[in-house]
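Reader: Please set out how the terms used for this structure are justified.

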Amino acid sequence: METLTLKPFSVMPSIKCGWRSLSTLSKVSMRVVACSGALKPSISTERVSSSSVVVRAAESVVLAPPNGKSDEIAVKSLVPYVDMDEDGGIGIVKFLRGKVFFITGATGFLGKVLIEKILRTAPDVGKIYVLIKAKDEEAAAERLKNDIINTQLFKCLRQIHGKYYMSFMMSKLIPVVGNVCESDVGLHVDFSHLIANDVDVIVNSAANTTFDERYDVAIDINTKGPSNLMEFAKKCSKLKLFLQISTAYVNGQRQGRIMEKPFCKELDVESEMKLAFEDNGMGQNMKELGLQRAKRYGWQDTYVFTKAMGEMVIDEMRGEVPVAIIRPSVIESTFKDPFPGWMEGNRMMDPIVLYYGKGQLTGFLVDPNGVIDVVPADMVVNATLAAMARHGRAPRPSMNIYHVASSVANPLVFHRLADLLHQHYDSSPCLDVDGTPIRVPSMKLFDSVDDFSNHLWQDAARRCASTPDGKLSKKLEAICKKTVEQLKHLADIYQPYTFFNGRFDNSNVQGLMEIMSEEEKREFGFDVESIDWKDYITNVHIPGLRRHVMKGKRGFN
Ligand SMILES: NC(=O)c1ccc[n+]([C@@H]2O[C@H](COP(=O)([O-])OP(=O)(O)OC[C@H]3O[C@@H](n4cnc5c(N)ncnc54)[C@H](OP(=O)(O)O)[C@@H]3O)[C@@H](O)[C@H]2O)c1
């Protein structure tokens, strides 16, 4: 049996951040024990004390009597109270019917997939107020059309409703001008009253997802935003659920199997906000400040640190408001719904995938045996809707957390990903400016910065050797140097992810799946174990990137 020590965040000055579950369990010494030899180690926490309560695995508690004898009383399956729908399952569609939503971040990648799914599977949903940053109502309505209604993602709904598509969409989606950074989330007072009396479910998907964003900007959207929205939620008379879209990486640089647990309240978020907004002597160095503060407390970058603080303020403020927190890992293109391969934006692993396909990057800095935790966007949305129905049908003032992640259930190892990228581009190469297929070599993976750096320079030199005189012009040399620097910067930002040593436990998500009916599993499935990575990466995700993100441009068709 291998014993993993549950490490606190790496650098800990006076303030520590641990798990509430651990701190409330006891002050006695704790160990997290992972059974060896399994990709899915069963976790058990052992309280090493005279009262000898031994907790093993997620669902079984074994009580040893105080006399210390070894006969154990097993209390099987600690299954939480489940309010099943009378027709079986969670009752997702039934829950959605007639409900009124208030959604932020709907113009973004994930928000759109959520709205599409609600409108397609529950056309009799009440209405969806969509918070949009815009100068006035007219501009918000314009953005609703351009950024949501008229996008490719909605093509199935367009087919379903034919000539009534626009009137259907306009009857359900109500654009409202706002900004999560402002008090009352920037709503006009009339809208604020209207929504507060009308809304059943609030979904906060708004975020700034730039890893090294300015500290003040990131904290404003990712920490103050949830706080402003929760303040608004408390005014909503019939609210059933506040659902926050977070990220699995709020767990910072924790290692081993990471459970779906809230944070303790030991980090002084107020002081962090003050530091970000007050004149702190950092001048233009606000990017640097964000990274410094994140690393000081054990998070890899400003994005995940400010998102983690967003969760902390929600927990601190929620009072009687029922809360669900969805923590997806890296969200990539849709698996099958509304069609496979839909994607928006060139994010996370995708710049590397695309540079590689164009022959501009032949290696990367990554732990070859490490795991990249990827989930398709439609699975994230399905899990979100299942959690929403589960906790919205029988609201209780609790906070439930869900890791929508694949690293425990179906790990995708980096060297396998590299093979799959090669397989894809080998059979469907990109084209150069002359229309000639670009042949890419197998991707080299480096686990040392020096080796990676050398590789980049050798690659640049090799390209130079392919010029007629074997020399780089000054201009080409400058371009090469800049490219090498950019790639090194990219590798540096990604390093905490490409060398990440944690795996996201998803017991709560598995539990949700178990209480779904067969029909719900078909319509709202999120079984990451069912993903065949070869098929998904080579036939779904990369073709989706080429079609919807690169839009067939510059040889990507
Ligand atoms: N993408 C991923 O791989 C990933 C992984 C894990 C978790 N997540 C989480 O999932 C959620 C959605 O991410 P995404 O990929 O869809 O992000 P995205 O495409 O960048 O969209 C962000 C959304 O937030 C809105 N927004 C930003 N600042 C705002 C403000 N001050 N007030 C109101 N709205 C604001 C944006 O509006 P504008 O259009 O006006 O800018 C946009 O609609 C986020 O909470 C993110 O942290 C994402």
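**Terms and their grounds**

Author: The side chains of Lys 112 and Glu 344 form a salt bridge, with N and O 2.8 Å apart. Lys 112 belongs to helix H3, and Glu 344 to the loop between E14 and helix H12 (350–357), 232 residues apart. The model is predicted: local features need pLDDT of at least 70, side-chain atom pairs count only at pLDDT 80 or more, and totals for chains, interfaces and linings use all residues. Residues are numbered from 1 along each chain as its sequence is written, and side-chain values use heavy atoms, with hydrogens and water left out.

Reader: Why is the pair Lys 112 and Glu 344 called a salt bridge?

Author: The term requires a side-chain nitrogen of Lys or Arg within 4 Å of a carboxyl oxygen of Asp or Glu. The N to O distance for Lys 112 and Glu 344 is 2.8 Å, so the pair qualifies. The whole structure has 17 salt bridges.

Reader: What makes the approach of Gly 108 to the ligand a polar contact?

Author: A polar contact is a pair of N or O atoms within 3.5 Å; within protein, one must be able to donate a hydrogen and the other to accept it, and residues adjacent in sequence count only if both atoms are side-chain atoms. A backbone N or O atom of Gly 108 lies 3.0 Å from a ligand oxygen, and therefore meets the limit. A backbone N or O atom of Phe 109 also lies 3.0 Å from an oxygen atom of the ligand.

Reader: Which classes of residue make up the shell around the ligand?

Author: The shell has 13 nonpolar, 9 polar and 4 charged residues.

Terms used: Nonpolar A, V, L, I, M, F, W, Y, C, P; charged D, E, K, R; others polar. Helix = DSSP H or I, 4+ residues; strand = E, 2+ residues; numbered from the N terminus.
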